[in-house]
Amino acid sequence: MTKNRLFLIFGLLGCMATPFVLSGCVGNIYAGRPLIQSVRPTALPTEPKTTKAAEMVSLESPLRCTIHDSQQNIITVIPFKQEAFKLERAEKSDPVPRYEVTGFSFDGQTAEKVFFKLLGEAKIKVIGVDGPFPELAAENIQGELSEVMDMIADAADVYYRYNAEEKVVLVSREVTWNLHVPGTREVMISVLDSLRGSGMHDLIVNWEESVITFKGDKGTEKKVASLIELFDTEPKLIVFDVQVYRAKPVGGAKEIVWQDLIDTFGAEKIKFMLSGVMGRALVTGGEINNKSLKRFFFPRASYALVSEGMFIAANGWRARFDVGRCGYMSMPEAQLSILAQTDVQGEQRMNTSITLDSDQGEITAFTAKSSLGDNILLIGIPSSSFSNSLNGYETVVMMTPRIIRLVKEISSK
């Protein structure tokens with residue numbers, strides 16, 4: 001383990017007797033059901049799992065998977081209450097006893113052992129929940145016990161929770177958090193999409209109380225705190241309306257002839273074009289959109305709209321759109337995800353990094369420069385790149401960005 005040398009230090013002397021409140025309850029961890037010595041029949045499948053369709057049931061779908069004409073304004077201004085953002089631990093710690101710490105030293109001991117040594121004379125039990133923990137070294141630390149424990153926890157990137165009734169301190173790298181979000185649809189979705197785009201999963205959303213619950217370590221805490229700080233600057237949110245198509249050329253053609261797109265709409269409507277590892281990205285004028293793309297398909301390809309919805313990225317943050325959440329779970333495209341990170345420059349210009357992922361890994365990626373009112377069209381991506389069942393099909397993605405400007409409400413007194 002890496003040893004973090006710190007000039008922290010402690011010792012435990014005496015106690016200032018002051019009353020304190022006892023609350024909370026942490027029980028001991030016991031073994032579960034007794035093991036049964038039996039042999040599983042070899043004909044049985046692996047352990048049953050929750051069905052995929054049940055896992056994907058989401059209260060977000062009615063909000064995310066419908067695109068209304070009223071949403072098509074390229075710039076929208078929404079007031080919000082920034083003070084409504086609050087990040088707090090879901091499980092509270094009782095106040096620790098009022099001890100004074102002096103002259104305490106340790107060298108090369110893991111965090112939970114440091115806590116054990118510090119709290120031994122107070123007859124407080126220490127349990128390490130999810131180690132291993134880093135090693136620490138310090139000498140001659142002094143101060144209030146609670147302050148010293150906070151220093152140890154910060155130095156080791158761990159958390160502690162004290163249960164006064166049981167006289168137990170739990171030390172862990174991860175804890176459960178509650179993030180309170182202003183109760184507007186756009187802000188909540190932007191926070192969810194930004195957290196998922198940063199790699200956070202297993203987010204539990206209480207839509208009624210506008211609270212997101214998750215487990216996280218010190219790195220996660222800093223990440224979420226930086227997102228809250230961003231909202232304090234009245235940021236821009238980038239909304240992407242997305243359509244994902246499955247297309248197959250007709251009339252015996254092996255591929256869709258995309259050159260016809262330029263011939264149909266004119267070269268001036270294609271503002272930017274670039275190649276990725278697979279496929280191409282076109283930045284187009286607003287004339288090339290969801291409706292006109294369907295008209296373009298009609299004589300050239302049979303097509304199906306397999307997913308349609310929206311996701312929101314906070315400026316400078318990467319957001320994630322899971323294709324299957326706005327489609328059928330049985331379709332091969334359900335494994336796809338679109339990740340986008342946009343930096344808005346001034347009032348009109350945007351640099352957007354787009355990644356198309358599957359369960360097998362990254363399929364392709366692009367970085368596109370565009371302006372408000374432009375669309376981004378991904379073409380030439382063989383569907384067989386993520387599913388053998390779609391041999392001969394092409395995956396086409398239309399992305400229409402727009403901007404929401406958040407303006408903090410002025411509280412009236």
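In the predicted model, helix α3, spanning residues 111-119, lies across strands β6, β8 and β9 and runs at about 175° to β6. The three strands form an open sheet of mixed pairing, in the order β6-β9-β8. Its edges are occupied by β6 (125-128) and β8 (159-163), each of which pairs on one side only. From one strand to the next, the twist averages 20°.

Strand β8 is joined to β9 (residues 168-172) by five bridges, and the two strands run antiparallel. Within this pairing, Y159 has S172 of β9 as its bridge partner, while N163 is bridged to V168 of β9. The two strands form a hairpin with four residues between them. In the turn of this hairpin, K167 adopts a positive phi of about 55°.

The environment of β8 was examined next. Although β8 is an edge strand that pairs on one side only, five of its five residues are buried, so the strand is largely enclosed by the rest of the structure. In a regular strand, side chains alternate between the two faces of the sheet. In β8, Y159, R161 and N163 lie on one side and Y160 and Y162 on the other. Both faces of the strand are covered, as the residues on each side are all buried. Two of the residues on the first of these sides, Y159 and N163, have bridge partners in β9, namely S172 for Y159 and V168 for N163.

Notes
Residues numbered from 1 in each chain as written. Predicted model: local features only at pLDDT ≥ 70, side-chain atom pairs only at ≥ 80, totals over all residues. Heavy atoms only, no water. Pairing = 2+ DSSP bridges. Axes fitted to C-alpha atoms, helices over the stretch in contact; angles between N-to-C directions. Contact = heavy atoms within 4.5 Å. Buried < 20%, exposed > 50% of the residue type's maximum accessible area, 1.4 Å probe, protein only.
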